[in-house]
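The following explanation leads the reader through one molecular structure, step by step. Please keep the sequence and the three-dimensional view at hand while reading.

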Amino acid sequence: MASKEKKVEIVEAFGRQFVKGNIPEINGVRCMGCGHCVQLCKKLGPNVFDLIDGIAKVTRPENCISDGACMMACPTKAIFLMSLYDPSSPPNAL
Ligand code: SF4
């Protein structure tokens with residue numbers, strides 16, 4: 001029987017530990033392009049997002065530490081899911 005054991009990568013940031021692997025999903029209808037997530041993520045270090053055509057997109061998923069700070073920054077709740085990043089099946093934003 002195959003093992004279902006999952007390898008996780010732990011990253012440290014802000015004096016805390018996070019399980020790396022999930023990236024934010026951005027609802028393009030709810031995003032109003034305010035850039036709060038872009039600026040906060042850049043300020044905190046990972047710098048995962050860019051504004052493209054007025055909508056936040058995950059352009060550097062490999063930088064994401066999955067801390068969820070962007071979810072808290074979004075005034076419209078456009079970021080309400082984090083999902084596992086699969087390089088072989090990147091999100092539409094890429
Ligand atoms: S904080 Fe929310 S509304 Fe603002 S750019 Fe990011 S996803 Fe869009």
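The paragraphs below begin with the whole protein and then turn to its parts.

The structure shown is a predicted model. Its secondary structure consists of two helices and six strands. Followed along the sequence, these elements appear in the pattern β-β-β-α-β-β-α-β. The C-alpha trace spans about 45 × 30 × 20 Å along the principal axes of the protein. How does the radius of gyration of the protein agree with that of a compact globule? For 94 residues, such a globule would have a radius of gyration near 12 Å, and the protein, with 14 Å, agrees with this. Of the 94 residues, 20% count as buried. Among contacts between residues at least 6 apart in sequence, 62% join residues at least 24 apart.

The interior may be considered next. The largest nonpolar core holds 15 residues, of which Cys37, Cys41, Phe49 and Ile79 touch the most other members. Two or more residues of this core are given by each of the elements β3 (22-26), α1 (36-44) and β5. Helix α1 supplies the largest share, namely three residues. Which residues does isoleucine 79 contact, if its neighbours within four places in sequence are left aside? Isoleucine 79 is then in contact with Pro24, Ile26, Cys37, Cys70, Met71 and Cys74.

The pair formed by strands β4 and β5 deserves a separate look. Strand β4 (residues 49-52) pairs with β5 in the antiparallel sense, over four bridges. Within this pairing, phenylalanine 49 has valine 58 of β5 as its bridge partner, and leucine 51 stands opposite alanine 56 in β5. Two residues lie between the strands of this hairpin, in which aspartate 53 takes a positive phi near 50°.

Strand β5 also illustrates a general rule. In a regular strand, side chains alternate between the two faces of the sheet. In β5 (residues 55-58), Ala56 and Val58 point to one face and are buried. Ile55 and Lys57 point to the other face and are not buried.

Attention now passes to the ligand. Which residues around the ligand come nearest? There are 14 residues around the ligand, and the nearest are Cys31, Cys34, Cys37, Ala56 and Cys74. Several of these names have appeared before: Cys37 is among the core residues that touch the most other members, Ala56 is one of the buried residues of β5, and Cys74 is among the contacts of isoleucine 79. By class, the shell around the ligand has 10 nonpolar residues, four polar residues and no charged residues.

Two further residues complete the picture. Valine 8 is found in the segment before β1 (9-13). Is valine 8 buried or exposed? Valine 8 is exposed, because 8 other C-beta atoms lie within 10 Å, and a residue with 12 or fewer such neighbours is counted as exposed. Residues up to four places away in sequence not being counted, valine 8 touches Val19 and Gly21. Glutamate 62 is 54 residues away from valine 8 along the chain, and their C-alpha atoms are separated by 14 Å.

Glutamate 12 lies in strand β1. Glutamate 12 has 9 C-beta neighbours inside 10 Å and therefore counts as exposed. The C-alpha atoms of glutamate 12 and cysteine 74 are separated by 23 Å, the two residues being 62 residues apart along the chain.

Key: Residues are numbered from 1 along each chain as its sequence is written. This is a predicted model: local features need pLDDT of at least 70, side-chain atom pairs count only at pLDDT 80 or more; totals for chains, interfaces and linings use all residues. Two residues are in contact if their C-beta atoms, placed from the backbone, lie within 7 Å. The radius of gyration is taken over C-alpha atoms; the globule rule is 2.2 Å times the number of residues to the power 0.38. A residue is near a molecule or strand if its C-beta atom, placed from the backbone, lies within 6 Å of it. Ala, Val, Leu, Ile, Met, Phe, Trp, Tyr, Cys and Pro count as nonpolar, Asp, Glu, Lys and Arg as charged, and the others, Gly among them, as polar. Two strands pair if DSSP finds at least two bridges between them. A nonpolar core is a set of buried Ala, Val, Leu, Ile, Met, Phe, Trp, Tyr and Cys residues joined through C-beta atoms within 7 Å.
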